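Take a moment to turn the model around on your screen before reading on. We'll walk through it together, one stop at a time.

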Amino acid sequence: MKNKQIHFFLLEFTLSLIILSVTLLVALSMFTQAAKQHEETQALRKLSGEMAMTAETLRNPMNEWPYQNERKTVSTFYDVKGEVTTGVVVYILTIDYDARDTLRKATLTLRDMSKKALLTIQVNALTEVPE
Amino acid sequence: MRKGSLNSVFGLPTILTVLIVLSVLGFASLSLVSANAENKALKHSLTLLEGSYEAETKALEYYYQVTNAYEIIYGYLPIGFNQNTAIQGFKAAHPEFTWSGNRFALTETVGAYTVTISAEIHQLHSQKNFTLISQTLSISNDQDYTQNGDPIWKGP
């Protein structure tokens, strides 16, 4: 009887340990996924903020564009944290300047490594300043 | 191990396991749901940002297209010439603009955003016949703010 009780207790203890291990693994995977998602959100927030600032700068007719009377595409590479990098690239920001006409146009596109566009901002500006 | 002490711990691992499983999985789920919601909210706001720039781009492009066409068509007129006939023709060609004398407003709507560009055409022909006066962006969220600035629920 006593041996049977010990046997059942050990069985319960072992099963509990197995369930706990599985649960911890699942929870760890969920926490990791959440952390990854959070990091992606932070990077996207940072990069979209920078893009909006650039777009506003370009939209202001008082500001000179970096390129005059030509079309130029500039790409900048960012890491997982949204910092400019020359190493592992996670995000690519492409700015297509078209300043050949009076109506200057620029398209800012943020893509991930699968070339999926995460954010596209189209800006144009007349050289004319509103009164 | 005595029989009494064994009886007292029998079932304890199960209770502890259930508690730990519930709390750990609960926190993990909350963390994941929160991260997903934050990401979704950001993507929604980025879509709105894209829409606002798209509306402004379209409006300005249309303004440029229309004014540039006028400059090309009536470019032969001498500087200082009273271009009243040309202006009347321009007005007739663009009934979609809101006219007030020689001033006009054009509106472009993309989604919830409306961009209004106000400009003026000069009576006397010059190198630049149009003056851009203002460019405004407004958003319609289908809410009524007429009372105390608080949104009024209109019912289902």
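Over all chains, this predicted model holds 11 salt bridges. What's the idea behind them? Side chains of opposite charge can pair when their charged atoms come close. Let's look at one that you can find for yourself: A:Glu40 pairs with B:Lys43, and the closest N and O atoms of the two are 3.8 Å apart. This pair crosses between chains, running from helix H1 of chain A, where A:Glu40 sits, to helix H2 of chain B, where you'll find B:Lys43.

How many salt bridges are there between chain B and chain A? The count is four. Another salt bridge to look up joins B:Glu61 to A:Lys105, with 4.0 Å between the closest N and O atoms. Polar contacts also link the chains: between chain B and chain A there are 12 residue pairs of this kind, counting pairs with both residues at pLDDT 80 or more.

Now let's see which parts of chain B do the touching. Helix H1 (3-9), helix H2 (12-73) and strand S4 (130-139) of chain B each supply at least two residues to the side that touches chain A. The largest share comes from H2(B), with 30 residues. Sort the residues on this side of chain B by class and you get 24 nonpolar, 11 polar and eight charged.

Step back and take in the whole contact. Chain B puts in 43 residues, and chain A puts in 47. The size of an interface is often given as the accessible area lost when the parts come together. Here chain B and chain A bury about 4000 Å² between them, and 65% of that is on carbon and sulfur atoms.

Next up: empty space. Rolling a probe the size of a water molecule over the atoms shows where empty space is left. How many cavities of 30 Å³ or more does a search of the whole structure find? Just one turns up, and the volume of the largest cavity is about 30 Å³. Both chains help to line this cavity: chain A gives A:Arg59, A:Gln122, A:Val123, A:Asn124, while chain B gives B:Tyr53, B:Glu56, B:Thr57, B:Leu60 and B:Gln135. Strand S4 (117-126) of chain A and H2 of chain B are the elements that each give two or more residues to this lining. H2(B) gives the most, with four residues. By class, the cavity lining splits into three nonpolar, four polar and two charged residues.

The largest pocket is another place to explore, with a volume of about 310 Å³. Of the 15 residues that line this pocket, the closest to its centre are A:Lys36, A:Gln37, A:Glu40, A:Val90 and A:Tyr91. You've met A:Glu40 already, as the salt-bridge partner of B:Lys43. Helix H1 (residues 2-59) of chain A supplies the largest share of the pocket lining, six residues. The lining of the largest pocket has seven nonpolar, two polar and six charged residues.

For a last stop, find A:Lys116, in the loop between strand S3 (103-112) and S4 of chain A. Which residues does A:Lys116 contact, leaving aside its neighbours within four places in sequence? They are A:Leu110 and A:Arg111. You can also trace from A:Lys116 to A:Tyr91: these two are 25 residues apart along the chain, and their C-alpha atoms are separated by 9.9 Å. A:Tyr91 is also one of the residues closest to the centre of the largest pocket.

Terms used. Residues numbered from 1 in each chain as written. Chains lettered and ligands numbered in written order. Predicted model: local features only at pLDDT ≥ 70, side-chain atom pairs only at ≥ 80, totals over all residues. Heavy atoms only, no water. Contact = heavy atoms within 4.5 Å. Buried area = accessible area lost by both parts, 1.4 Å probe. Salt bridge = Lys/Arg side-chain N within 4 Å of Asp/Glu carboxyl O. Polar contact = N/O pair within 3.5 Å; in protein donor to acceptor, adjacent residues only side chain to side chain. Nonpolar A, V, L, I, M, F, W, Y, C, P; charged D, E, K, R; others polar. 1 Å grid on protein atoms, 1.4 Å probe; cavity = no way out; pocket = protein on both sides within 12 Å on 5 of 7 lines; lining within 4 Å. Points joined across faces, edges and corners; volume = space filled by probe spheres on them.
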